[in-house]
Amino acid sequence: MTRRTLLAALGGTAALALLATAAPAAAAPPTSPPGLAALDGLDAAAPNDLVVGGAAAGGGHHGDAAYPDPFTFDEDYRNLLAGEFGSLTPENQMKWDHLRPAQDEFAFADADAIVEFADDAGIAVRGHTLLWHSQNPDWLENGDFTDAELRDILHEHITTVVERYAGRIMHWEVANEIFDEQGDLRSEENIWIRELGPEIIADAFRWAHEADPEAVLFFNDYNVEGMNVKADAYYDLARELLADGVPVGGMGLQSHLGTMYGYDTTLPDNLARFGALGLETAITELDVRMTMPEDGEPTAEMVAQQDEFYDFVLNACLAESSCGSFTLWGASDAYSWVPVTFDGQGSATPWTAELERKSSYCVLQETLVTANPGGAARFAHHPAYEECRTALL
Ligand code: XIL
C-alpha cells in the first residue's frame with residue numbers, strides 16, 4: 001500500500017488527523033520543545049512519496065535503568081513522535097519476547113498502545129518483526145518441540161499477530177536478519193531455519209499475506225546497504241522468492257552507521273537493483289553513532305561527519321523511486337539503544353537527550369524541504385525551519 005492510500009484508509013492526512021485529536025493548546029505541556037507541531041516535522045517537510053518514520057522506544061535494552069518504556073510515560077517524547085513522523089516502528093514491543101511471555105499467552109498491551117497512538121495521530125505503523133534469531137522467549141528457544149509443533153507455533157503466531165493489526169500496518173518486516181556476514185543463511189542461530197529449513201521463510205511471507213493482504217511484506221537486515229557479499233545474497237533470495245510467487249514486497253536496509261566506519265557509497269546502486277526487481281525499498285533503522293570523547297561532547301568534526309552520513313542516506317533514498325520509507329532508529333539520545341549496546345559510543349540520533357534538535361536534524365530537514373516541490377514555500381519563514389537555518393546549520 002502506498003503512503004497515500006494508507007493515509008486515505010486511515011481517514012485523512014496525518015496533519016489533519018493529528019490536529020483533530022491534539023490536546024487544546026492550553027493543556028500542552030510547558031516543557032514541549034519548540035517546533036513539534038505536526039506541520040513542523042520531518043515527515044511534513046518530505047515530498048509526498050516519502051514517509052519519514054521513527055522507532056517508538058520501548059524497554060528492552062536499558063536493563064535496570066529507571067524507565068521500562070519511555071513511550072508509556074514521556075509525554076514530550078510522544079508529542080515529538082507524533083509531530084515529526086509519518087510512521088512508527090515499535091522498537092521492541094512487537095518482538096517475540098514482548099508478545100509471547102508463554103506459549104499459551106499473547107501480551108498485546110504495549111503493541112496495541114503504539115498502534116492506537118499512531119491511528120489517533122493519523123500516522124502509519126511498520127510491524128517489526130515475525131521471524132528472527134534474536135529476542136525470542138526462553139520457552140521457545142529452549143523448548144522441546146517437534147518440527148510439526150514448531151511450524152504450528154510460528155504459523156499461529158504470524159496469523160494471530162498480523163490479523164490483529166490487519167489494515168493498520170503499512171509494512172511488516174516479516175523476516176529479520178536472516179543472513180550472516182558471509183551471506184549465508186543463519187542456519188544455526190535462527191531457530192526456524194535450523195529446525196524447519198530455509199523453506200520456512202517463504203511460508204512466513206505466505207502466512208503473513210493471508211493474514212493481512214494489504215500490508216507490504218519486507219525483509220530487513222543490516223550491513224546490506226552497499227553492494228557487498230551479504231547484500232548479494234539478500235538480492236538473490238528476493239529474486240528467487242519472487243520467481244516462486246512468494247509475496248515479498250520490500251527490502252529493508254537498517255543502516256546502523258558509525259562515523260568511525262565510514263559509509264558505503266554504493267548504497268544508491270544497491271537500492272536501484274532491488275527497485276528493478278519491482279520491490280519497494282526502505283531505510284528502516286538509521287542511526288549514526290560515534291565514539292564518545294571523554295568529556296562526553298562530540299567534536300565539531302564528528303558532528304560534521306554525522307551530518308554528512310545522515311544526509312547521504314537520505315539523499316540516496318530520495319533519489320531512488322522505490323524508496324518510500326525512511327526511518328530513524330531513535331528520536332532522542334536519551335532512549336537510543338547505542339550507548340547501552342556499543343560500549344563508549346553514543347550521540348547517535350538527531351535529538352539530544354533533552355529532545356532538542358541537533359544539526360543532523362536540520363540537515364535532514366533542509367534536504368527534505370529542498371526535495372519537496374511545495375517545501376520551500378511551505379517552510380519559508382517557519383520558526384522551526386528558520387531556527388535551524390540560523391542557529392544550527
Ligand atoms: C534493538 C533495540 O533497539 C534494543 O532496544 C534491543 O535491546 C535490541 O534490539 N536490528 C533490529 C532491531 O532489527 O530490532 C534492533 O533493535 C537493532 C538492530
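Helix axes are taken here as lines fitted to C-alpha atoms over the stretch in contact, with the angle between two of them running from 0 to 180 degrees between N-to-C directions. With that in mind, this predicted model can be followed through its helix contacts, beginning with helix α13 (residues 267–276) and helix α14 (residues 300–319), whose axes come within 9 Å and cross at roughly 30°. Since angles under 35 degrees count as roughly parallel, this crossing makes α13 roughly parallel to α14. The handedness of the crossing, as α13 passes α14, is right-handed. On the α13 side the contact involves Leu267, Pro268 and Leu271, and these meet Phe312, Val313, Ala316 and Cys317 of α14. Sorted by class, the contact between α13 and α14 comprises 7 nonpolar residues, with no polar and no charged ones.

Helix α13 also has a partner in helix α12 (residues 229–243), and the axes of α12 and α13 come within 10 Å while crossing at roughly 10°. These two helices are therefore roughly parallel to each other as well. From α12, the residues Ala231, Asp232, Tyr234 and Tyr235 take part in the contact, and from α13 the residues Asn270, Arg273 and Phe274. The makeup of this contact of α12 with α13 is 4 nonpolar, 1 polar and 2 charged residues.

A further pair is formed by helix α16 (residues 359–371) and helix α18 (residues 383–392), whose axes come within 10 Å and cross at roughly 125°. An angle of this kind lies outside the ranges for roughly parallel, roughly antiparallel and roughly perpendicular, and α16 and α18 are therefore described as oblique to each other. Their crossing is left-handed. Helix α16 contributes Ser359, Tyr361, Cys362, Gln365, Glu366 and Val369 to the contact, while α18 contributes Ala384, Tyr385, Cys388, Arg389 and Leu392. In terms of class, 7 nonpolar, 2 polar and 2 charged residues make up the contact of α16 with α18.

Turning from helix packing to enclosed space, a search of the whole structure finds 1 cavity of 30 Å³ or more. The volume of the largest cavity is about 40 Å³. Its lining draws on Ala55, Ala57, Tyr77 and Glu91, and also on residues with higher numbers, namely Trp329, Gly330, Ala331, Ser332, Tyr335, Ser336 and Trp337. Counted by class, the residues lining the largest cavity are 7 nonpolar, 3 polar and 1 charged.

Two details of the backbone complete the walk through the model. Most residues other than glycine have a negative phi, and most peptide bonds are trans. Against that background, the peptide bond leading from His128 to Thr129 is cis, with omega near 5°, and Thr129 is placed in strand β3 (residues 124–131). Asn223, for its part, has a phi near 55°, which is a positive value in a residue other than glycine, and Asn223 lies in the loop between β5 (216–221) and α12.

Methods
Residues are numbered from 1 along each chain as its sequence is written. This is a predicted model: local features need pLDDT of at least 70, side-chain atom pairs count only at pLDDT 80 or more; totals for chains, interfaces and linings use all residues. Side-chain values use heavy atoms; hydrogens and water are left out. On a 1 Å grid over the protein atoms alone, a cavity is a set of points where a 1.4 Å probe fits but cannot get out, and a pocket is an open set with protein on both sides within 12 Å along at least five of seven lines; lining residues have an atom within 4 Å of a point. Grid points are joined across faces, edges and corners, and a volume is the space filled by probe spheres set on the points. Ala, Val, Leu, Ile, Met, Phe, Trp, Tyr, Cys and Pro count as nonpolar, Asp, Glu, Lys and Arg as charged, and the others, Gly among them, as polar. Helices (H or I, at least four residues) and strands (E, at least two) are DSSP runs, numbered from the N terminus. Angles under 35 degrees count as roughly parallel, over 145 as roughly antiparallel, 65 to 115 as roughly perpendicular and the rest as oblique. A crossing is left-handed if the near helix is turned anticlockwise from the far one by less than a right angle, and right-handed if clockwise. Contact means heavy atoms within 4.5 Å.
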